[in-house]
Amino acid sequence: MKNPQQDLAEIKSMMERSTRYLSLSGLAGVLAGIYALVGSALAYYWLYFPNSPVGNNQASHLDKVVLTNLIFTAIGVLILSIATAWLLSQKNHKKTASQLWTPAGKRFMQALFIPVVIGGLFCFALVHQGFYIFITSATLIFYGLGLFSASHFTLSDIKYLGFSQAALGIIAAFFPEFGLILWALGFGLLHIVYGSVMYYKYDQ
């Protein structure tokens, strides 16, 4: 026979599952970070090789070939990251016999992607106007805002990742010559660290 504490724990767990999306995969964060680092390496090659990106304003005057390569690389990283997160989330749902598109999951996706989509459109406007040096800053800031917004509907830990991404974006706005390094640090290294912590904290 269950005691009152067990009943309360089960009720709390059911309420949490109904209001929060709890199937985020730490491994997906690690893999997204690896994809971002690979993308950063390609961007470095096209922008700066064999020179150092530090103090180099090459990104302020891009030719069409380099710009096209960078856009397709960014889209590739985004698609791989979303596909990986989707597949691993499905795996978590099958493991726990839970539903993927719950009301909490829909709220999480909406909170995350509204700032990210707006940020993406803003970045296309920057490209159109030729303000390339602010693209890394904008992507970091809007992504950070999306994570912070989505943290209300999932594991609260991601709000710290959101703060960190937005902070790096603000730094990149003041020091655009370090933009590629800060982008790799935010989307690459921070994702790997966050994903590793989440994996050992929740996925084990």
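This is a short tour of the structure, one selection at a time.

**The whole chain**

Start with everything shown as a cartoon, and keep in mind that this is a predicted model. You should see seven helices and zero strands, so the cartoon reads α-α-α-α-α-α-α along the sequence, given how helices and strands are assigned from DSSP runs. Now switch on a surface: the protein chain exposes about 12100 Å², with carbon and sulfur atoms supplying 70% of that area. Buried residues account for 37% of the 204 residues. If you like contact maps, take those contacts between residues at least 6 apart in sequence: 74% of them join residues at least 24 apart.

**The annotated spans**

Next, select residues 21-46, 66-88, 108-127 and 133-151, which an unreviewed UniProt entry lists under "transmembrane region". Look at two of these in turn. Residues 66-88 are 100% helix and 0% strand, with 33 Å between the end C-alpha atoms. For residues 133-151, the end C-alpha atoms lie 29 Å apart, and the span is 84% helix and 0% strand.

**Thr-84**

Stay with helix α3 (residues 64-96) and pick Thr-84 there. Is Thr-84 buried or exposed? Its relative accessibility is 10%, so Thr-84 counts as buried. Show its surroundings and, leaving aside neighbours within four places in sequence, you will find Thr-84 in contact with Ala-28, Leu-31 and Tyr-35.

**Aromatic pairs**

How many aromatic pairs does a search of the whole structure find? The search finds five. One of them is Phe-122 with Phe-142, a tilted pair at 5.9 Å centre to centre and 50° between the planes. This pair links helix α4 (residues 103-129), which holds Phe-122, to helix α5 (residues 135-150), which holds Phe-142, across 20 residues. Both are partly exposed: Phe-122 has a relative accessible area of 41%, and Phe-142 is at 21% relative accessibility.

Move on to Phe-148 and Phe-163, where the ring centres are 5.1 Å apart and the planes meet at 35°, so this pair is tilted. Phe-148 sits in helix α5 and Phe-163 in helix α6, 15 residues apart. Phe-148 is partly exposed at 33%, as is Phe-163 at 45%.

Then select Tyr-143, Trp-183 and Phe-187, which ring pairs link into a cluster.

**The nonpolar patch**

Finish on the surface with Ile-170, Ile-171, Phe-174, Phe-175, Phe-178 and Ile-181, a nonpolar patch with about 580 Å² of accessible area together. Helix α6 (residues 158-174) contributes the largest share, three residues. Phe-178, for its part, is found in the loop between α6 and α7 (179-203), and counts as partly exposed at 30% relative accessibility.

Methods
Residues numbered from 1 in each chain as written. Predicted model: local features only at pLDDT ≥ 70, side-chain atom pairs only at ≥ 80, totals over all residues. Heavy atoms only, no water. Patch = residues over 30% accessible without salt bridge, like charges linked within 9 Å, V, L, I, M, F, W, Y side chains within 5 Å. Areas by Shrake-Rupley, 256 points an atom, 1.4 Å probe, with all protein chains shown as cover. Salt bridge = Lys/Arg side-chain N within 4 Å of Asp/Glu carboxyl O. Helix = DSSP H or I, 4+ residues; strand = E, 2+ residues; numbered from the N terminus. Buried < 20%, exposed > 50% of the residue type's maximum accessible area, 1.4 Å probe, protein only. Contact = heavy atoms within 4.5 Å. UniProt positions renumbered as here; feature names shortened; annotations may be inferred. Phe/Tyr/Trp six-rings, centres within 6.5 Å; stacked < 30°, edge-to-face > 60°.
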